[in-house]
Amino acid sequence: MFANIGFPGLILILIIALVIFGPKKLPEIGKAAGHTLKEFKNSARDLTSDVTDEVKEAKEIIDGKESKYNHSE
């Protein structure tokens, strides 16, 4: 969706935002958006690492059970 905007479209969006919010509010909005994006990335990274850890633990459990069955034969 946003891949087709291009540079002229981005400039137009920035001009519209400047008109709507004014030059004093625009840096505050940008800072808040950056902070929100940073928090989202951190949360996504934490969630991904939690899932990865769970998968590793499950693989270790499965590998441990398989090795028990292979040694008993």
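## One salt bridge and two surface patches

The structure holds just one salt bridge. Keep in mind that this is a predicted model. So which two side chains meet in that salt bridge? They belong to K25 and E28, and the N to O distance is 3.6 Å. Here's the general idea: side chains of opposite charge can pair when their charged atoms come close.

How open to the outside are these residues? K25 has a relative accessible area of 45%, so it is partly exposed. E28 is partly exposed too, because its relative accessibility is 49%. Here they are in a table, along with two residues we'll meet again below.

| Residue | Relative accessible area | Class |
|---|---|---|
| K25 | 45% | partly exposed |
| E28 | 49% | partly exposed |
| I15 | 47% | partly exposed |
| D53 | 38% | partly exposed |

Now let's step back to the overall build. You'll find two helices here and zero strands. Helix 1 covers residues 6-21, and helix 2 covers residues 26-72. With its 16 residues, helix 1 reaches 22 Å from its first C-alpha to its last, close to the 22 Å expected at 1.5 Å a residue. What follows helix 1? That's G22, and its phi is positive, near 90 degrees.

How much of the protein is buried? Of the 73 residues, buried ones make up 4%. The protein exposes about 6,900 Å², and carbon and sulfur atoms supply 66% of that area.

Two patches on the surface are worth a look. One is nonpolar: I5, F7, L10, I11, I13, L14, I15 and V19 form it, and together they have about 750 Å² of accessible area. I15, one of its members, lies in helix 1. Why does I15 count as partly exposed? Its relative accessible area is 47%, and partly exposed covers the range between under 20% (buried) and over 50% (exposed).

The other patch carries negative charge, and it gathers D46, D50, D53, E54, E57, E60 and D63. Among them is D53, which sits in helix 2. D53 has a relative accessible area of 38%, so it also counts as partly exposed.

Key:
Residues are numbered from 1 along each chain as its sequence is written. This is a predicted model: local features need pLDDT of at least 70, side-chain atom pairs count only at pLDDT 80 or more; totals for chains, interfaces and linings use all residues. Side-chain values use heavy atoms; hydrogens and water are left out. Patches are made of residues with over 30% relative accessible area and no salt bridge: like charges are joined within 9 Å, nonpolar side chains (Val, Leu, Ile, Met, Phe, Trp, Tyr) within 5 Å. Accessible areas come from the Shrake-Rupley method with a 1.4 Å probe; for residues, only the protein chains shown count as cover. A salt bridge is a side-chain nitrogen of Lys or Arg within 4 Å of a carboxyl oxygen of Asp or Glu. Helices (H or I, at least four residues) and strands (E, at least two) are DSSP runs, numbered from the N terminus. Buried means under 20% relative accessible area, exposed over 50%, partly exposed in between (1.4 Å probe, protein chains only). Lys and Arg count as positive and Asp and Glu as negative; His and the chain ends are not counted. The place of a charge is taken as NZ of Lys, CZ of Arg, CG of Asp or CD of Glu. The expected span of a helix is 1.5 Å times one less than its number of residues.
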